[in-house]
Amino acid sequence: MFPEELPSRLIKMFAFSGDTVLDPFMGSGTTSLAAKNLGRNSVGYEINAKFIDIARVKLNAQQQDLAGTEFHFREDHLQGNIADMLDTLPYLYEDPHKLDKKVDPRKLTFGSRIDHRNGAQREEFFTVSDILTPERIRLSNGLLVRLIGIRAESEKKEMAMRFLAEKVRGKKVFMKYETIKHDEQRNLLCYLYLENRTFVNAHLIKSGFVGIDESYEYKYREKFLTLTAQIDS
Ligand SMILES: C[S@@+](CC[C@H](N)C(=O)[O-])C[C@H]1O[C@@H](n2cnc3c(N)ncnc32)[C@H](O)[C@@H]1O
């Protein structure tokens, strides 16, 4: 349920007095209540018939109001095969956006356990599908991920990408995160690990094919700098 103020503001913005407001997901009828109180008509659809009685009460439908509002509640039951009915429609709208969540936001923590019930198997595994640059990869669910601490160096870019591809492409990986979760391009910022807990960011740095991103503070920054110092010495 949302507060009446929410549909009220929208109705005032988008419908004139006497217009009809449609709420395709009516629930308890808050939209219709707001419409009624603002002098608009309304129509609502609700898949769960149990809401009819709740909406009746919310809208005070049993009492005559001064405006003489009429209420009609109709319960329709689908008869027949839904697939056949869909075939009779002039067109079907298919949403091209996949709403599967690509990453579980509850797991966007670094090391700290937030769900004790899942403590034993906290990691969520993904598969790497593409290496886009030395610091950016794509997972098989389409998620774009940026490796924390990695700074591509143009003259060694190809080698870094080859190194990364050999290590992670097609492999199962899991991620850990910092307080800052995304970069400006909305890539998820992560520390990447192979299933056997190999720390990919650190290995890539140790390969010497990339530089260190020193543009901000992150947990392993010092550690990464020592790794490059080892290579240099
Ligand atoms: C978040 S609730 C709406 C709550 C409502 N705004 C209120 O204040 O009470 C969404 C409603 O959509 C209904 N619903 C989900 N799928 C539906 C569908 N295909 N057709 C109609 N109603 C649907 C659910 O049963 C649920 O009551």
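R186 is exposed in this predicted model, because its relative accessible area of 59% lies above the 50% cut-off. The residue belongs to the loop between β7 and β8. Its backbone also deserves attention: R186 has a positive phi of about 65°, although it is not a glycine. A second arginine shows a positive phi as well, for R197 has a value near 75° and is likewise a residue other than glycine. R197 is found in the loop between β8 and α6.

**Division of the chain**

The chain is divided into domain 1, covering residues 5-87, and domain 2, covering residues 105-232. Taken over C-alpha atoms, the centres of domain 1 and domain 2 are separated by 49 Å.

**Helix α2 and the largest pocket**

How many of the eight residues of α2 are buried? Six of them are, so that the helix is mostly covered, as follows from counting a residue as buried when its relative accessible area is under 20%. The buried residues of α2 are T30, T31, S32, L33, A34 and A35. The elements that cover these buried residues include α1 (5-14), β1 (20-23), β2 and α3. After α2 comes G39, whose phi is positive, near 75°.

Helix α2 also takes part in the largest pocket. This pocket holds about 1200 Å³ of space. It is lined by 32 residues, and those closest to its centre are M26, V43, G44, Y45 and H72. At least two lining residues come from each of α2 (30-37), β2 (41-44) and α3 (51-58). Which element gives the most to the lining of the largest pocket? That element is β2, with four residues. Sorted by class, the lining consists of 15 nonpolar, ten polar and seven charged residues.

Helix α1, one of the elements that cover α2, contains M13. M13 counts as exposed because its relative accessibility is 58%. Between the C-alpha atoms of M13 and M175 there are 44 Å in space, and the two residues are 162 places apart in sequence.

**Helix α5**

Helix α5 runs through residues 157-168. Its length can be checked by a short piece of reasoning. The expected span of a helix is 1.5 Å times one less than its number of residues. The twelve residues of α5 should therefore span 16 Å, and the C-alpha atoms at its ends are 16 Å apart, so the two values agree.

Within α5, the residues A160, M161, F163, L164, A165 and V168 are buried. They pack against the strands β3 (126-131), β4 (136-139), β5 (144-147), β8 (188-194) and β9 (210-212), and also against helix α6 (200-207). G170 follows α5, and its phi is positive, near 80°.

**Three buried residues**

Three individual residues may be considered together. The table gives the place and the relative accessibility of each.

| Residue | Place | Relative accessibility |
|---|---|---|
| I150 | strand β6 (residues 150-152) | 2%, buried |
| L108 | loop between α4 (82-87) and β3 | 15%, buried |
| K176 | strand β7 (residues 172-176) | 18%, buried |

The surroundings of these residues are described by their contacts, leaving aside neighbours up to four places away in sequence. I150 touches P134, E135, N201, L204, I205, V210, G211 and D213. I150 and S129 are 21 residues apart along the chain, and their C-alpha atoms are separated by 19 Å.

L108 is in contact with V103, Y177, K181 and L188. For one of these partners, K181, a C-alpha distance is available: L108 and K181 are 7.6 Å apart in space, with their positions 73 residues apart in sequence counted as separation.

What does K176 touch beyond four places in sequence? Its contacts are F110, E123, L189, C190, Y191, Y193 and R197. Among them is R197, which is the arginine with a positive phi near 75° described at the beginning. K176 is a lysine that counts as buried because its relative accessibility of 18% falls under the 20% cut-off. R186, by contrast, is exposed at 59%.

How values were computed: Residues numbered from 1 in each chain as written. Predicted model: local features only at pLDDT ≥ 70, side-chain atom pairs only at ≥ 80, totals over all residues. Heavy atoms only, no water. Domains from an automatic or database assignment. Buried < 20%, exposed > 50% of the residue type's maximum accessible area, 1.4 Å probe, protein only. Contact = heavy atoms within 4.5 Å. 1 Å grid on protein atoms, 1.4 Å probe; cavity = no way out; pocket = protein on both sides within 12 Å on 5 of 7 lines; lining within 4 Å. Points joined across faces, edges and corners; volume = space filled by probe spheres on them. Nonpolar A, V, L, I, M, F, W, Y, C, P; charged D, E, K, R; others polar.
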